[in-house]
Amino acid sequence: MRWCSPIVLAFLLLAAITVPADPAPAPEPAAVVSRIKRLPIQSTALAAVGYSKRLRALEIEFRNGAIYRYLDVPPKIYEALLDSGSKARFYDDNIRHKYRSLHVRPRAE
């Protein structure tokens, strides 16, 4: 019986594995359907905001057309956003990168 080096044996095993010529594409992520009513606001960057107490979700529509849903947001954050003097600054300081988000709609081209 002849012995093979571990490297040669590993190569032979990998060569024996068949890979389909055209693997199936990854499924598209499920689209987020928004039923949260958004209210227009005065802001340099934000166009409208809405909140769902049931979902604990904050939706923000930006002036560029993009819409994001922020998850597990307490109602007091939504209320503070509405009451803030600078909504864009409040968003940057208290919401952006602080809550997990879903992309509802991409920005307008």
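**View 1. Alanine 66 in the loop between β3 and β4.** In this predicted model, alanine 66 is buried, with a relative accessible area of 5%. That value falls under the 20% cut-off, so the residue counts as buried. Alanine 66 sits in the loop between β3 and β4. Leaving aside residues up to four places away in sequence, alanine 66 touches Ile60, Glu61, Arg105, Pro106 and Arg107. Histidine 103 is 37 residues apart from alanine 66 in sequence. In space, the C-alpha atoms of these two residues are 8.0 Å apart.

**View 2. β3 and its two hairpins.** Five of the six residues of β3 are buried, so this strand is largely enclosed by the rest of the structure. β2 (46-52) and β3 (57-62) run antiparallel and are joined by six bridges. One pair to look for is alanine 48 with its bridge partner in β3, glutamate 61. β3 also pairs with β4 in the antiparallel sense, over four bridges. Here glutamate 59 has arginine 69 of β4 as its bridge partner. Each pairing forms a hairpin: β2 and β3 have four residues between them, and β3 and β4 have four residues between them. In the turn between β3 and β4, glycine 65 has a positive phi of about 100°.

**View 3. Two residues other than glycine with positive phi.** Arginine 56 has a phi near 55°, a positive value in a residue other than glycine. Arginine 56 belongs to the turn of the hairpin formed by β2 and β3. With a relative accessible area of 35%, arginine 56 is partly exposed. Histidine 97 has a phi near 65°, also positive in a residue other than glycine. Histidine 97 lies in the loop between α3 and β5 (101-105). Is histidine 97 buried or exposed? Histidine 97 is exposed, with a relative accessible area of 74%.

**View 4. The largest nonpolar core.** In soluble globular proteins, nonpolar side chains tend to be buried together. The largest nonpolar core here has 15 residues. Those with the most contacts inside this core are Leu46, Leu58, Ile60, Tyr70, Leu81, Tyr91 and Ile95. The elements that give two or more residues to this core are β2, β3, α2 (75-83) and α3. Isoleucine 60 makes a good centre for the view. Not counting residues up to four places away in sequence, isoleucine 60 touches Leu46, Ala48, Val49, Ala66, Ile67, Tyr68, Tyr70, Tyr91 and Ile95. The contact with Ala66 links this view to View 1.

**View 5. The largest pocket.** About 210 Å³ of space lies in the largest pocket. Two elements, β4 (67-70) and α3 (87-94), give two or more residues to its lining. Which element gives the most to the lining of the largest pocket? α3 does, with three residues. The residues lining the pocket are Ala45, Leu46, Phe62, Tyr68, Tyr70, Ala88, Tyr91, Asp92, Arg96, His97, Tyr99 and Ser101. By class, the lining has eight nonpolar, two polar and two charged residues. Leu46, Tyr70 and Tyr91 are part of the lining, and these three are also among the residues with the most contacts inside the largest nonpolar core. His97, another lining residue, is the exposed histidine of View 3.

Note on methods: Residues are numbered from 1 along each chain as its sequence is written. This is a predicted model: local features need pLDDT of at least 70, side-chain atom pairs count only at pLDDT 80 or more; totals for chains, interfaces and linings use all residues. Side-chain values use heavy atoms; hydrogens and water are left out. On a 1 Å grid over the protein atoms alone, a cavity is a set of points where a 1.4 Å probe fits but cannot get out, and a pocket is an open set with protein on both sides within 12 Å along at least five of seven lines; lining residues have an atom within 4 Å of a point. Grid points are joined across faces, edges and corners, and a volume is the space filled by probe spheres set on the points. Ala, Val, Leu, Ile, Met, Phe, Trp, Tyr, Cys and Pro count as nonpolar, Asp, Glu, Lys and Arg as charged, and the others, Gly among them, as polar. Buried means under 20% relative accessible area, exposed over 50%, partly exposed in between (1.4 Å probe, protein chains only). A nonpolar core is a set of buried Ala, Val, Leu, Ile, Met, Phe, Trp, Tyr and Cys residues joined through side-chain atoms within 4.5 Å. Contact means heavy atoms within 4.5 Å. Two strands pair if DSSP finds at least two bridges between them.
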